[in-house]
Amino acid sequence: MLEVLQESLRKAPIVNRGEYPYFIHPISDGVPSLEPELLDEIAEHMINIAGTDYDRIVSIEAMGIPLATALSLKTGVPVSIVRKRQYGLEGEMILSQSTGYSKGELFINGVNKGEKVLVVDDVISTGGTLKALLPALEKMGAQITNVIVVISRGDGAAKMRDMGYEVDTLVKIDVDHDGVSILEVAGEQQ
Ligand SMILES: O=P(O)(O)OC[C@H]1O[C@H](OP(=O)(O)OP(=O)(O)O)[C@H](O)[C@@H]1O
Ligand SMILES: Nc1nc2[nH]cnc2c(=O)[nH]1
């Protein structure tokens, strides 16, 4: 399962962000090269999990965009991207986000009350992004049908479950200065 994703993660180079061993991968960074075969494998797996019965796909700039786009083309469902810049449109929701290495505000536009929403993203690490986004979407009156993240690193997914949000992740990895190790793959016994 998810062979292309697993192989690409095993090959992912590691750079040091201070002491933090940072893996570089096409899905999380868009470099060195994001291949359609990888996007297709992931989008198909997300559809296996979520089906197609939702009104809107919501993701977060920047690296949620390729995933949301691939899903939208396959399902015909429209996309709203949560941005890091304000637009001031009627009903815009502002929230603050923090990750392991950044802090900032997020702006939600285009999500309508009563809509069934699929949330997708590339990586969950501390959970700071989803911890801010999911309650905000519910406050806007959206009904979150699934939350699917491709790569899980750290305890973010577990923290979201403690908050009552089921986050599906496709692969769970560990990273050290020698490289990426795959701990779990969705749908496979470990
Ligand atoms: O679980 P967390 O600790 O919140 O980390 C996960 C978030 O970090 C990355 O976004 P980033 O803010 O780095 O922006 P990018 O997508 O533009 O790289 C990633 O795309 C997730 O949105
Ligand atoms: N690309 C990438 N994104 C991350 N988000 C949290 N940790 C990492 C990492 O090591 N690499």
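Ligand 1 and its surroundings

Strand S5 (93–98), strand S7 (116–124) and helix H5 (128–139) each contribute at least two residues to the shell around ligand 1.

Colleague: What average pLDDT does the chain have?
Modeller: This is a predicted model. Of its residues, 99% score at least 70. For the complex, the predictor gives an ipTM of 0.96 and a pTM of 0.97. The chain's average pLDDT is 96.

Colleague: Which element gives the most to the shell around ligand 1?
Modeller: Strand S5, strand S7 and helix H5 each supply at least two residues of that shell. With four residues, the element that gives the most is S7.

Colleague: How many residues of the shell around ligand 1 are polar?
Modeller: There are 19 residues around ligand 1, and those that come nearest are Asp121, Asp122, Ser125, Thr126 and Thr129. By class, five residues of the shell are nonpolar and four are charged. The number of polar residues is 10.

Colleague: Which residue has a polar side-chain atom 3.0 Å from an oxygen atom of ligand 1?
Modeller: Two other residues approach ligand 1 through their backbone. A polar backbone atom of alanine 62 is 3.1 Å from an oxygen atom of the ligand, and a backbone N or O atom of methionine 63 lies 3.2 Å from an oxygen atom of ligand 1. The residue with the side-chain atom at 3.0 Å is lysine 84.

Colleague: How much of the accessible area of ligand 1 does the protein cover?
Modeller: The space that ligand 1 takes is the largest pocket. On its own, ligand 1 has 490 Å² of accessible area. The share covered by the protein is 88%.

How values were computed: Residues are numbered from 1 along each chain as its sequence is written. Chains are lettered from A and ligands numbered from 1 in the order in which they are written. This is a predicted model: local features need pLDDT of at least 70, side-chain atom pairs count only at pLDDT 80 or more; totals for chains, interfaces and linings use all residues. Side-chain values use heavy atoms; hydrogens and water are left out. A residue is near a molecule or strand if one of its heavy atoms lies within 4 Å of it. A polar contact is a pair of N or O atoms within 3.5 Å; within protein, one must be able to donate a hydrogen and the other to accept it, and residues adjacent in sequence count only if both atoms are side-chain atoms. Accessible areas come from the Shrake-Rupley method with a 1.4 Å probe; for residues, only the protein chains shown count as cover. On a 1 Å grid over the protein atoms alone, a cavity is a set of points where a 1.4 Å probe fits but cannot get out, and a pocket is an open set with protein on both sides within 12 Å along at least five of seven lines; lining residues have an atom within 4 Å of a point. A molecule sits in a cavity or pocket if more than half of its atoms lie within 2 Å of its grid points. Ala, Val, Leu, Ile, Met, Phe, Trp, Tyr, Cys and Pro count as nonpolar, Asp, Glu, Lys and Arg as charged, and the others, Gly among them, as polar. pLDDT is the predictor's confidence in each residue, from 0 to 100.
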